[in-house]
Amino acid sequence: MPGAPGRTPLPARTRALYPVGVSTLSADTAADQSEIRALVEAEQGPFDAVLAARYAAHFPTLHGLFSRLYGERDDAREALAAVIGLVAASWAERPAELRAQDEARGADPAWFESERMLGGVCYVDRYAGSLTALREHIGYFRELGLTYLHLMPLFAAPEGNNDGGYAVSSYREVDPALGTMEDLRELAAELRAAGISLVVDFIFNHTSNEHEWARKAVAGEPGYDDFYLIHEDRTMPDAYERTTREIFPDDHPGSFVQLEDGRWIWSTFYHFQWDLNYANPAVFRAMAGEMLFLANQGVEVLRMDAVAFIWKRLGTACESLPEAHLLLQAFNAVLRMAAPSLLFKSEAIVHPDEVIEYISPGECQISYNPLQMALTWEAMATRDASLLSQALERRHELPAGTAWVNYVRSHDDIGWTFADEDAAELGIDGYSHRRFLNDFYVGRTAGTFSRGAAFQENPRTGDARIAGTTASLAGVEAGDAGGEDRVVLAHAIAMSTGGMPLIYLGDEVGQLNDYYFRDRPAEADDSRWVHRPHRPAEAYAVREDPRTFSGRIHGRLTRLLEVRRATAEFAGNTLLPFHVPEPAVLGYQRPGEETTVLVLVNVGDREVTVTSTTLSGFAPEARELIEDRELDLSRGLRLPPHSTRWIRVTPKA
Ligand code: GLC
């Protein structure tokens, strides 16, 4: 087992050489590099050639980050030495097949940018019952073409409401209702053999109030008293709350909750999720240990939960502070030494200027694309693709070596995270537009096609988000004639803009909202459960039958997936705009080596003609890939309502 920080004391020599409270980092990186290595080797044996090379390559980065984060503290060196100790122990125990994976991925660093990548996400209990039972679905996952499977949080968590598992009581124990750590390892191996990477959450901003660290912190146990952000009275909480946002106002106002003993503890989300104090390097060290443990179980992608919140500073919103990035980069540098094939996926559902800052090869290599997701829904409600089109033009580009994860909806609510500045350029007022979208999607607007639920409506600020399954939000539940097409077009956009599409499993057979959550006490107060139904077995059973609604959705989506896999132009992220003088039409180009795929989507309720003049930059002979038929662009193109076209064109020289 890799060392268990927080439980196992530091190696004796580490303590002897760097007793807490006496040693900071040196400005001489090379000196620290050799000294710390010597120290760890004396405890744990010599580094092998592989580790030595990675240590040489990445220690300076980690040292630099530690200096910036913790340079002022006199326990920084001790913590860094302990982290390197964890790296060495973790590498020594890394199973052979995972080492082989490290090597293979090292030789093919763009593996996740391929047009063959496809993600799926599900809850273990809701989709299958248990980790073992989930293995029976691997055949279906292969049929669908999944290469990435995100299992929603599956760790030990408090009974009852635990925020869908996002309140973790132990990162080393699987929720007993789902199985054991060994089951997880076996599942990871079986998925890997099927070409599917296991993705789990790394919920590192907070733990549950039942985590061992939390209990020790509240009890004031030495070494743990500074693990969380606890204040004796309201002075500091009041000061912080002057500038922080309320994230779960239905649960508690502000950012703090009161402990039984009267003190106040930072709690961004539910009152039982306590934020960790990353200003304390011992917290970084402890979490790095949990991360390395998960890496060695066979997890290939860590979904970095709630990244925006991990660093706090008085007088700021305490979101996306510069140190949040340094921390992520430091975790990343640790992985590059001990488990280099892992990827980080950023979960930053914030302003688009902030989302992009988390994405780089040295930080998070992949990221949710919340702007594209939200604006896809915005376009469907307004029947106007202008905002989405503008976002693709100016906010889609990414640094080399990174990729978007494009989704239609997730297990979370949908928030309208577009930039007000962008909207203003199109004459849209952000505040009233969000109100319109919320009303539209919760079904309050006359003529809406959507059946959604409001999430965390804050009467004080007017802020709200929405919840619902794809089919229910898109109009299927309301019986709208465009419902089925909208489910398809929303997925078609996610599959074709560049990056990895991610399907919420069950949506590919058109699952509807589950209103029974209101009868389940642990879920009743959290409307996100409306879109987290159990695996829709009946819908799956008829998925091959085109006479059923589920069969049609499934047939149309699997056709899109098949075409995507065979379309080299869809690899990578390069996207060029394509303007159609019709607000309802979204257009963009995905250039390949010689040919380009032109994507045209009509989000409106009326047929639109794209004229031959608009298409005159391409040779007239073209091929529509979804329907697999020849087109003559010199005759223009008719786009029926809610239709999608993926057209292989040859740009004129
Ligand atoms: C993330 C999760 C969300 C959870 C929150 C707190 O945003 O996606 O479901 O409530 O973090 O962990």
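**Notebook: ligand site and one helix pair**

I looked up the ligand's surroundings in this predicted model and found D163, Y166, H206, F248, F269, Q273, R303, D305, E347, H411, D412 and R528, each with a heavy atom within 4 Å of the ligand. I note that residues are numbered from 1 along each chain as its sequence is written and that side-chain values use heavy atoms, with hydrogens and water left out. Local features need pLDDT of at least 70, side-chain atom pairs count only at pLDDT 80 or more, and totals for chains, interfaces and linings use all residues.

I sorted the shell by class and got 3 nonpolar, 3 polar and 6 charged residues (Ala, Val, Leu, Ile, Met, Phe, Trp, Tyr, Cys and Pro are nonpolar, Asp, Glu, Lys and Arg charged, the others, Gly among them, polar).

I then checked polar contacts to ligand oxygen atoms (N or O pairs within 3.5 Å). A polar side-chain atom of D412 lies at 2.4 Å, one of R303 at 2.8 Å, and a side-chain N or O of R528 at 3.1 Å. The protein buries 95% of the 310 Å² that the ligand exposes alone (Shrake-Rupley, 1.4 Å probe).

Next I took helices α15 (residues 370-382) and α20 (residues 483-496), whose axes are 11 Å apart at about 145° (lines fitted to C-alpha atoms over the stretch in contact, angles from 0 to 180 degrees between N-to-C directions; helices are DSSP runs of H or I, at least four residues).

In α15, Q372, T376 and M380 meet R486, L489, A490, I493 and A494 of α20 (heavy atoms within 4.5 Å). I count this contact by class as 5 nonpolar, 2 polar and 1 charged residues.

Methods. Polar contact = N/O pair within 3.5 Å; in protein donor to acceptor, adjacent residues only side chain to side chain. Helix = DSSP H or I, 4+ residues; strand = E, 2+ residues; numbered from the N terminus.
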